[in-house]
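Please study the sequence and the structure shown below. The paragraphs that follow discuss aromatic rings, nonpolar cores and a pocket.

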Amino acid sequence: KGERHAGRDRLRLNEAINAFAETEHNADLTLDSGNYAILTVSDQCSACQVCIRACPTQSLQFNKDKENSYFWLQINPQTCIACGNCARVCLPQAIQINTAPKFSQVYQQNGITTLMEGHLIQCRHCKTWFAEQTGSDLCPTCEFRRNNPIGSMLPPGLSDISGNSGE
């Protein structure tokens, strides 16, 4: 499996902008035309890591301690190309994308930004590790299946082919 990374032109641009960042500049400058993005992650995130696998530039990183009990999700906004893959594969409303970040949000935070951190627990049913939610010992998938054993309902925010909403 080959490594994914930002393109050569993007890396050169980042190098030039980092040099610019060391001089006086306008921190309120908006980067709305350079395919930059700042992500925010809500409590809907289950730490499933699907967004990390979908990221073409490896801008998202998932780290955990050796005991698998604590995790932190990070992003390098300098390499994020605002493709939106992470938000498309994730649970509805778990990831929001700001495609017009301020210069200071991208270049003044020393690169890596922590989006979410918390404790991991193992699902009682399927043994998958997931972000500890409010009192549940089942991962979101097992919890959904328990509440909808026949599977006739769609998760909130999703719609089927005919356009019927699952809400």
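Is tyrosine 70 buried, partly exposed or exposed? The model is a predicted one, and in it tyrosine 70 has a relative accessible area of 26%. A residue counts as buried under 20% and as exposed over 50%, so tyrosine 70 is partly exposed. Tryptophan 72 is likewise partly exposed, at a relative accessible area of 28%.

The aromatic rings may be considered next. A pair of aromatic rings is described by the distance of the centres and the angle of the planes. The structure holds two such pairs. In one of them, the ring centres of phenylalanine 62 and phenylalanine 71 lie 5.4 Å apart; because their planes meet at 15 degrees, and planes under 30 degrees apart count as stacked, this pair is stacked. Phenylalanine 62 has a relative accessibility of 17% and therefore counts as buried. Phenylalanine 71 is buried as well, with a relative accessible area of 1%. The rings of tyrosine 70 and tryptophan 72 have centres 6.3 Å apart and planes at 40 degrees, so this pair is tilted.

Phenylalanine 71 leads on to the interior of the model. Leaving aside residues up to four places away in sequence, phenylalanine 71 touches ten listed partners, including Ala47, Phe62, Met116, Leu120 and Ala131. Phe71 also belongs to the largest nonpolar core, which has 21 residues. Together with Leu39, Val41, Leu60, Ile95, Leu115 and Met116, Phe71 is among the members that touch the most other members. At least two residues of this core are supplied by each of the following elements: strand S1 (38-41), helix H2 (50-54), strand S2 (60-64), strand S3 (70-75) and strand S5 (113-122). Another core lies apart from this one; it has seven residues, among them Tyr36, Phe103, Val106 and Tyr107.

The last topic is empty space. Rolling a probe the size of a water molecule over the atoms shows where such space is left. The second largest pocket has a volume of about 220 Å³. Its lining consists of 15 residues, and those closest to the centre are Ser46, Cys48, Cys139, Pro140 and Thr141. Which elements each supply at least two residues of this lining? They are strand S6 (129-131) and helix H5 (140-147), and H5 gives the largest share, four residues. Sorted by class, the lining of the second largest pocket has eleven nonpolar residues, three polar residues and one charged residue.

Key
Residues numbered from 1 in each chain as written. Predicted model: local features only at pLDDT ≥ 70, side-chain atom pairs only at ≥ 80, totals over all residues. Heavy atoms only, no water. Phe/Tyr/Trp six-rings, centres within 6.5 Å; stacked < 30°, edge-to-face > 60°. Buried < 20%, exposed > 50% of the residue type's maximum accessible area, 1.4 Å probe, protein only. 1 Å grid on protein atoms, 1.4 Å probe; cavity = no way out; pocket = protein on both sides within 12 Å on 5 of 7 lines; lining within 4 Å. Points joined across faces, edges and corners; volume = space filled by probe spheres on them. Nonpolar A, V, L, I, M, F, W, Y, C, P; charged D, E, K, R; others polar. Core = buried A, V, L, I, M, F, W, Y, C linked by side-chain atoms within 4.5 Å. Contact = heavy atoms within 4.5 Å.
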